[in-house]
Each structure stands twice: as structure tokens, then as C-alpha cells.
Amino acid sequence: MAYHNWEKGGQAKSQSTPGKRGPRRILQMDLLLAGAACALVIIGLVMVYSASSPIALKKFHDPAHYAIRNGIWALLGMILLAVTSRFSVGTIRALGRLGFWITILLLVLVLIPGLGLEGGGAKRWLNLGVITMQPSEPFKVMLVLYIAHFLSEDPGRVQRFKQGLLPLLLIYAFCALLLLLEPDFGTTFITGMVLFGMVFLAGIPLAWITALFVAAVPLAAAGVMMAPYRFRRVTSFLDPWDDPQNSDFQLVQSLLAFGNGGLKGTGLGQGQQKQFYLPESHTDFIFAVIGEELGLFWVMLIILLFVIIIWRAFGIARRNWTTNRYVSLAVSGLILLIASQAFANMGVVMGLLPPKGLTLPLVSYGGSSLTITMGMIGLLLAFSRSKPAEDIGL
């Protein structure tokens with residue numbers, strides 16, 4: 001959904017008067033992208049209630065406990081989306097330069113006893129008094145914006161190892177170390193893939209890509225081997241039926257959920273696996289509950305909605321490649337971040353990938369993840385209405 005009407009001669013005519021932010025200004029945004037994202041949020045609100053009601057009733061004597069909290073986070077996310085969608089490119093660029101270093105500081109603070117909160121054997125949350133937050137969520141966004149700024153500031157930099165790729169690798173290595181100390185292997189993996197994708201799109205030499213891949217494989221393997229639980233996840237993925245009552249329990253229950261659902265599903269609220277059979281049914285494995293209760297059609301619909309978001313975002317990136325390299329790289333990085341996490345989650349739930357502890361963006365329960373992802377959608381909408389070469393002003 002282009003934001004310009006193209007006249008004869010290839011010149012663009014803006015749909016709105018500069019400086020005005022009325023209805024026409026809003027219509028310049030990619031409404032198809034916005035609609036797909038909102039549809040996923042609505043589906044998520046319904047399914048979080050359905051998937052979490054048994055555990056919420058047991059823990060809090062209120063089946064809507066998690067659903068209400070998720071609704072509040074979704075409302076905050078919608079506010080953040082509305083705000084970020086009105087940012088200019090210059091504002092986003094400045095936010096990325098400053099916010100990146102702030103989020104690194106937050107990653108350090110979460111490791112300090114008393115500030116960092118531990119849950120499930122990991123220290124990933126920061127106690128802010130009134131609320132808690134997961135610093136890795138805003139860090140992922142700021143990392144993308146910082147990389148886009150770094151690579152677009154001097155487009156030829158990516159071709160020079162010492163001035164281009166090496167500084168990025170050193171900065172990312174430090175950030176990855178902080179993430180692994182939590183530990184958060186899933187976020188480390190996803191952000192590493194996004195970094196790889198962004199430097200590839202920026203034009204890194206093929207020989208360097210090969211070298212990076214060759215170096216990354218043994219490092220990832222070492223990261224898996226050093227933690228017994230990670231190694232067990234890999235072996236469980238390779239043969240989920242060798243220990244169905246212990247290490248393979250979650251994946252087996254997820255596969256059973258899809259099997260129970262079939263084409264039409266068992267009906268909304270009628271799933272059995274969420275009844276204390278499937279762990280993390282409202283967070284990491286909510287996609288399995290959708291498959292069981294709503295069936296194959298809704299599973300395919302959710303995949304289609306993510307494909308629409310990816311398609312529209314890469315359209316924004318493509319049309320800005322020659323006029324504003326920063327916008328193109330930032331949009332590419334943001335959609336790589338959303339898409340890699342979405343399809344990694346779905347791959348894990350369907351037994352196609354080893355478990356990584358990642359939520360399904362816009363759908364799963366999770367305050368920080370939901371809010372920040374909606375903020376990312378707002379940034380994509382802001383980029384969708386940016387003018388060619390726009391880089392200053394709010």
C-alpha cells in the first residue's frame with residue numbers, strides 16, 4: 001500500500017500537506033500491515049484467556065487473571081504503537097543511537113543481585129518497583145536501529161573489515177555475553193541471526209559471510225554442549241518419543257494438541273492439553289492450543305497474517321533502498337526480528353526446531369514482549385509513511 005500517488009514522469013505527489021497530521025497523514029501508513037498486526041493481537045487476547053484459564057483458576061482463583069493482565073499490556077502496547085507510528089525518521093534514528101547504550105546498561109543491571117529477578121532458572125527481569133521488565137526485549141529493537149545507523153552512516157563501511165564489520169562484531173559479542181549470563185540463549189540466537197541478515201543486506205563480501213558462518217557454527221555448538229539442558233533439548237527434538245514422560249514431555253504434548261485439533265479443532269475453550277498437560281500453554285506453546293482448539297484453518301490464518309506483515313515490511317525496505325538506506329536497513333532488521341522469532345516459535349511448537357524459550361510475537365502472553373513488539377509495528381508504520389530521504393524533524 002504505497003504512500004505516494006505516482007504521476008507521469010515518475011514524480012511523486014504527496015497525499016497530504018506537509019506538516020499536517022490529519023486523516024490523510026494516517027492513511028499514508030500501510031493499513032494492511034497495521035490490520036494484520038491488530039488481528040494477531042485480537043487472536044492473542046482471546047487465546048490467552050482460553051489457554052491460561054485452568055492455571056489462572058488454580059493459582060489465583062480467577063480464570064481471567066492472565067487475560068486481564070494481558071489486556072492491560074495490549075492497551076499499553078497500542079498506546080506505544082500510536083506514539084511510535086508518528087515518529088519521523090530522524091527521531092527514530094536519534095532514539096536508536098541513545099537507546100542502544102541505555103538498553104546495554106539495563107542488561108548489566110539485570111545481573112546485579114537485588115535488581116535482577118530470577119524465574120525458571122534465569123535472571124532476565126529487572127525490578128522497577130511498580131512493574132518488572134525484560135531488558136532483552138527493548139535491547140533487540142535498539143540493536144536493530146543502532147546497526148542500521150552504523151551501516152547507513154557510511155555505506156562503504158561494510159566493505160572495510162576494521163572500520164565496519166569488526167566493531168559491530170565486538171559490540172555484539174559483549175551484548176551476547178550479557179545475554180548468556182542471564183542465561184538467554186534464544187535471544188542471543190535470534191539477535192545473532194538478525195545481525196547476520198542486516199550485514200548481508202548491506203552488502204558484506206561473500207567471503208566474509210562464509211567466514212562468519214563457519215565461525216558461528218562451532219560457537220553455537222559449544223553453547224549448546226556447555227549447558228546440559230540445552231543439549232537435552234536438541235536430543236529431544238531429534239527423537240521426541242524416546243522419553244515422553246520427562247525431557248520430551250512438553251514437545252510430545254504439543255504434538256498431541258495438533259493431532260487432537262485436526263482440521264476443525266475441538267472448539268474454542270474445549271482443548272484438553274491446556275488442562276495441566278502442556279506446560280507454558282499461554283506463553284511459549286500457545287500456538288499448540290490454537291491448533292487444538294481452532295484447527296488447521298486458524299493455524300494457517302496466523303501464518304498468513306505474519307506473511308502479510310513480512311511482505312508489506314520488505315516492500316517498505318525495497319522502495320527506500322536507493323533513497324534512504326537507513327530506513328531500508330532498519331525496516332529489514334525489525335521485520336527479521338519479528339519473523340525469526342515468530343517462525344522459530346512455530347517451528348519449536350510443531351517439532352521442527354529445538355526448543356528455544358521464545359514467545360509467539362503479538363499472540364503469546366508476556367508484557368514486555370507484547371508491548372515492545374507493538375512498538376516495533378508502530379515503527380514500521382512510521383517508516384511506511386516516511387518521505388524519500390526524510391531524516392529530520394518529529
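Which residues does Tyr326 touch, not counting residues up to four places away in sequence? In this predicted model, Tyr326 touches Val89, Ile92, Arg93, Leu145, Ala148, His149, Ser152 and Phe383, where contact denotes heavy atoms within 4.5 Å. The model is a predicted one, in which local features need pLDDT of at least 70 and side-chain atom pairs count only at pLDDT 80 or more, whereas totals for chains, interfaces and linings use all residues. Residues are numbered from 1 along each chain as its sequence is written, and side-chain values use heavy atoms, with hydrogens and water left out.

The protein contains 14 helices and five strands; helices (H or I, at least four residues) and strands (E, at least two) are DSSP runs, numbered from the N terminus. Of its 394 residues, 50% count as buried, a term that means under 20% relative accessible area, with exposed meaning over 50% and partly exposed lying in between (1.4 Å probe, protein chains only). Among contacts between residues at least 6 apart in sequence, 70% join residues at least 24 apart.

The largest nonpolar core comprises 99 residues. Such a core is a set of buried Ala, Val, Leu, Ile, Met, Phe, Trp, Tyr and Cys residues joined through side-chain atoms within 4.5 Å. Leu151, Ile309, Tyr326, Ile377, Leu380 and Phe383 have the most contacts inside this core. Helix 13 (residues 325-349) gives the most to the core, contributing 15 residues.

Helix 13 also packs against helix 12 (residues 296-319): the two axes come within 9 Å and cross at roughly 165°. Axes here are lines fitted to C-alpha atoms, for helices over the stretch in contact, and angles run from 0 to 180 degrees between N-to-C directions. Helix 12 is therefore roughly antiparallel to helix 13, since angles over 145 degrees count as roughly antiparallel, those under 35 as roughly parallel, 65 to 115 as roughly perpendicular and the rest as oblique. On the helix 12 side, the contact is made by Ile303, Phe306, Val307, Ile309, Ile310, Ala313, Phe314, Ile316 and Ala317. Helix 13 supplies Ser328, Val331, Ser332, Ile335, Leu336, Ile338, Ala339, Ala342, Phe343 and Met346. The crossing of helix 12 past helix 13 is left-handed; a crossing is left-handed if the near helix is turned anticlockwise from the far one by less than a right angle, and right-handed if clockwise.

A second helix pair is formed by helix 6 (residues 161-181) and helix 7, whose axes come within 9 Å and cross at roughly 165°. This angle makes helix 6 roughly antiparallel to helix 7. Helix 6 passes helix 7 in a right-handed crossing. Leu165, Leu168, Leu169, Tyr172, Ala176, Leu179 and Leu180 of helix 6 meet Phe185, Thr187, Thr188, Thr191, Gly192, Leu195 and Val199 of helix 7.

After helix 7 (185-202), Pro205 occupies the loop that leads to helix 8 (206-226). Pro205 is partly exposed, with a relative accessible area of 22%. Leaving aside neighbours within four places in sequence, Pro205 is in contact with Val158 and Gln159. Pro205 and Gln159 are 46 residues apart in sequence, yet their C-alpha atoms are 6.7 Å apart in space.

Strands 3, 4 and 5 form an open sheet in the order 3-4-5, with antiparallel pairing; two strands pair if DSSP finds at least two bridges between them. Strand 3 (116-119) and strand 5 (132-133) stand at the edges, each with a single partner strand, so one side of each lacks a neighbour in the sheet. Four bridges join strand 3 to strand 4 (residues 122-127) in the antiparallel sense. Leu117 stands opposite Trp125 in strand 4, and the bridge partner of Glu118 in that strand is Lys123. Strand 4 and strand 5 pair over two bridges, also antiparallel, with Leu126 opposite Met133 in strand 5.

Two further helical positions were examined. Met142 lies in helix 5 (residues 136-153) and counts as buried at 13% relative accessibility. Beyond four places in sequence, Met142 touches Leu95, Gly96, Gly99, Phe100 and Thr103. Met142 and Leu95 are 47 residues apart in sequence and 8.1 Å apart in space, C-alpha to C-alpha. Ser53, found in helix 2 (residues 31-60), is buried at 16% relative accessibility. Not counting residues up to four places away in sequence, Ser53 touches Val48 and Pro63.
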